[in-house]
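Welcome, and please open your viewer. We will go from stop to stop, with something to select at each one.

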Amino acid sequence: MENILEVKDLHVTFDTYGGTVQAVRGVNFNLKKGETLAIVGESGSGKSVTTKALMGLIPKPAGKIPKGEILFGGKDLAKLNDKQMQQIRGRDISMIFQDPMTSLNPTMKISKQIMEGLIQHQKLSKKEARTRAIELLRLVGIPEPEERINQYPHQFSGGMRQRVVIAIALACNPQILLADEPTTALDVTIQAQILELMKDIQEKTQTSIVFITHDLGVVANVADRVAVMYAGKIVEIGTVDDIFYNPKHPYTWGLLGSMPTLDNDEDQLVAIPGTPPDLMHPPKGDAFAPRNPNVMKIDLEKEPPMFQVSDTHYAATWLLHENAPKIEPPAAVKRRMQGFASDHGPTEEGEKR
Amino acid sequence: MAKYIAQRIIYMIITLFIIATATFFLMKLLPGSPFNQVAAKLSDAQMEILLDRYGLNDPVPVQYLKYIGGLIQGDLGVSFQYNNRAVTDLIMTRIGPSAHLGAQAMVIGSILGVILGMVAAIRHNSWVDYTSNVLAVIGISIPSFVFAGLLQYYFAVQWRIFPPSFWDGPEYTVLPTIALMIFPMAICARFMRTEMMEVLGSDYIELARAKGVSNNKIMFKHALRNALIPVITVIGPMTLSLMTGTLVIEQIFAVPGLGEQFVRSISVNDYPMIMGTTLLFSILFIGVILIVDLLYGIIDPRIRLTGGKK
């Protein structure tokens, strides 16, 4: 399948009073047409900043992209100015935000908020835009769209608002949908509905989705591929099977180990010790080294390159070097890996649905 | 909606009644009598006749009941200092310049303030922001009569651009309006900047950007309206400060307005005049509060719905 988006060595920095924060430090990935790539990682790992860079929404002048390319449709988005990005935002790439309670304008009718993009990008008349907006509301599963369209955001529930946000994002049939934790602020039953809706829509429209989350349960549900981010870098990337059944990076082990499961009778969850590094002064060597229980000398000296595990699976850890000692994932992680396998079996899971 | 307004008007009448009562009894505590200035020339018997004639010999509660009785019929009594002219009449001849000055200062001041605050927020941490910040602090902390004096000195005496005082055409309104509007302008600018900064950092502005909406549309269609909601809150207190501001400003610029007359009535114990003007100011203030509440509903749909519920 063709790559619709290629991100090469992306760096994003923020100037603050205390110094320059290196929020994203060389991210590489590509996105294929119609696939869902999940980016996971803890708070501050740079996942949101990465998507904002794709949208050209890094707050200026504090935020900068000093290095790297974002190749989309033959253009490097990192080099475009704000006017040129306005043409792309909402039309080719759109975004779903985390909190539906705050992401709609409280003083503007839903109709206007959906129609705005249509009128801007597709040059539709008001009437055409309205018809299309009603269609969109129907598509995202809002009942009685003809009436609901004239209401204000406060007349919608949280789940319904997120549907409206999705409708806004889908308005111009974008090629890429960036979803920044779209289900985090919703309760679990609504979460499932929204995830179903997104999968449904992707099937109909063949949109590529970048799905940011820290919920590994959601990842297993929606993603084709997973990128694990830590301290502004992708430390492991692979298919869902690669990451869940054959994780290689100790940080991925930590994430999987701290994920609650129903079928285990463990008394406590494993937590990753320590805190993420200060990105104003990123550590030398592997950024995860200070929290890695099996840290090696080289981890503190030199940054690991991306080692290839398989055609689809890459991880940046010295453990994959041929001279490295054989270190097995912790027992809790192994149990989980087996658990996933016995529950579904890798082949079934690979089908996503 | 009509029901809501009717209800509010009933509350307003009750409030006015309480204000009238409180002012009446407080006023009676003022030392001296309305006839202090002429007292020396009058004999005791003459004085007695005068006091009798205006009902000032009655016990205070009786005077109060008589006054309220007149008030209900729309009669504010007669002024002691202006040869028995009706208070209503006197207020009517004086209200023009005051209303003109107040409205002009209010409208220009708040619009300029909102623009200044918006620009400061959009260009925050730039020289525009710092300049507007300094101007706002100066406007808030220096009283209007200081500006009045400075304006008169430079614009009227030194450069002779505008007339220094009196009330004789549009050019006469310029200096008092500027002196009066600086405070509301500064307040509006401060509020607007804070609110605008907050709104511009909100998720729905980011979503609008993500839709590809241009910056100008984001400012005027998305941000301005939301940022105005809290700014409207200060219009009430601002009107109050304008009213008290006019008292001084009218004196300085010799504007024949209500404020100037009000100050004089207090110094000569012209009871009906004090009552009449106080009630008028109260009505204005309560009216502005009502308008502010209605404005909320127009600007913010969330409030409109609860306000309109039957």
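A contact here means heavy atoms within 4.5 Å. Keep that in mind for the first stop, and remember throughout that this is a predicted model.

**Stop 1: chain B as a whole**

Select chain B and colour by secondary structure. You will find 14 helices and 0 strands, so to speak a run of α after α when read along the sequence. Turn the chain around: the C-alpha trace spans about 85 × 60 × 30 Å along its principal axes.

Now consider how chain B is packed. Among its contacts with a separation of 6 or more, 73% are between residues 24 or more positions apart. Of the 310 residues in the chain, 45% are buried. If you show the surface, about 15900 Å² of chain B is exposed, and carbon and sulfur atoms supply 69% of that area. Colour by charge next: chain B has 22 positive and 18 negative charges, and the mean positions of the two sets are 11 Å apart.

**Stop 2: the annotated spans of chain B**

Select residues 95-296 of chain B. An unreviewed UniProt entry places the feature "domain: ABC transmembrane type-1" here. This span is 82% helix and 0% strand, with its end C-alpha atoms 28 Å apart.

Which residues of chain B does UniProt annotate as "transmembrane region"? The unreviewed entry gives 9-27, 101-122, 134-154, 174-192, 227-253 and 273-299. Try two of these in turn. Residues 9-27 of chain B are 100% helix and 0% strand, and the end C-alpha atoms lie 26 Å apart. Residues 273-299 of chain B are also 100% helix and 0% strand, with 39 Å between the end C-alpha atoms.

**Stop 3: B:Thr246**

Zoom in on B:Thr246, which sits in helix H11 (residues 235-252) of chain B. Is this residue buried or exposed? B:Thr246 counts as buried because its relative accessibility is 8%, and the cut-off for buried is under 20%. Show its side chain and look for the backbone oxygen of B:Met243, which the side chain reaches at 2.4 Å.

A general point about helices helps here: an α-helix has 3.6 residues a turn, so residues three or four places apart point the same way.

For a sense of distance, add B:Ile205 to the selection. B:Thr246 and B:Ile205 are 41 residues apart in sequence, and their C-alpha atoms are 40 Å apart in space.

**Stop 4: across to chain A**

Select A:Gln86, in helix H2 (residues 82-88) of chain A. With 6% relative accessibility, A:Gln86 counts as buried. What is A:Gln86 in contact with, leaving aside its neighbours within four places in sequence? The list has A:His121 from chain A, and B:Gly212, B:Val213, B:Ser214 and B:Asn215 from chain B.

Widen the selection to residues 5-256 of chain A, where an unreviewed UniProt entry places the feature "domain: ABC transporter". Here the chain is 39% helix and 28% strand, and the end C-alpha atoms are 28 Å apart.

**Stop 5: a cis bond and its neighbour**

Go to A:Pro61, in the loop between helix H1 (47-55) and strand S4 (63-72) of chain A. A cis peptide bond joins A:Lys60 and A:Pro61, with omega at about 0°. In general, most peptide bonds are trans.

Now pick A:Ala62, which is in the loop between H1 and S4 of chain A. A:Ala62 counts as partly exposed, at 31% relative accessibility. Leaving aside neighbours within four places in sequence, A:Ala62 is in contact with A:Thr13, A:Phe14 and A:Asp15. A:Ile119 is 57 residues from A:Ala62 in sequence and 31 Å away in space, C-alpha to C-alpha.

**Stop 6: two positive phi angles**

Most residues other than glycine have a negative phi. Select A:Asn173, in the loop between helix H6 (158-170) and strand S7 (176-180) of chain A: phi is positive there, near 50°. Then select A:Ala231, in the loop between strands S9 (225-230) and S10 (233-239) of chain A. A:Ala231 has a positive phi of about 50°, and it is buried, with a relative accessible area of 4%.

**Last stop: helix H10 of chain A**

Finish with residues 250-257 of chain A, helix H10. Because 8 of its 8 residues are buried, this helix is largely enclosed by the rest of the structure. Among the buried residues to click on are A:Tyr251, A:Trp253 and A:Leu255.

Definitions and conventions. Residues are numbered from 1 along each chain as its sequence is written. Chains are lettered from A and ligands numbered from 1 in the order in which they are written. This is a predicted model: local features need pLDDT of at least 70, side-chain atom pairs count only at pLDDT 80 or more; totals for chains, interfaces and linings use all residues. Side-chain values use heavy atoms; hydrogens and water are left out. Helices (H or I, at least four residues) and strands (E, at least two) are DSSP runs, numbered from the N terminus. Buried means under 20% relative accessible area, exposed over 50%, partly exposed in between (1.4 Å probe, protein chains only). Accessible areas come from the Shrake-Rupley method with a 1.4 Å probe; for residues, only the protein chains shown count as cover. Lys and Arg count as positive and Asp and Glu as negative; His and the chain ends are not counted. The place of a charge is taken as NZ of Lys, CZ of Arg, CG of Asp or CD of Glu. UniProt positions are given in the numbering used here, feature names are shortened, and annotations may be inferred rather than shown by experiment. A polar contact is a pair of N or O atoms within 3.5 Å; within protein, one must be able to donate a hydrogen and the other to accept it, and residues adjacent in sequence count only if both atoms are side-chain atoms.
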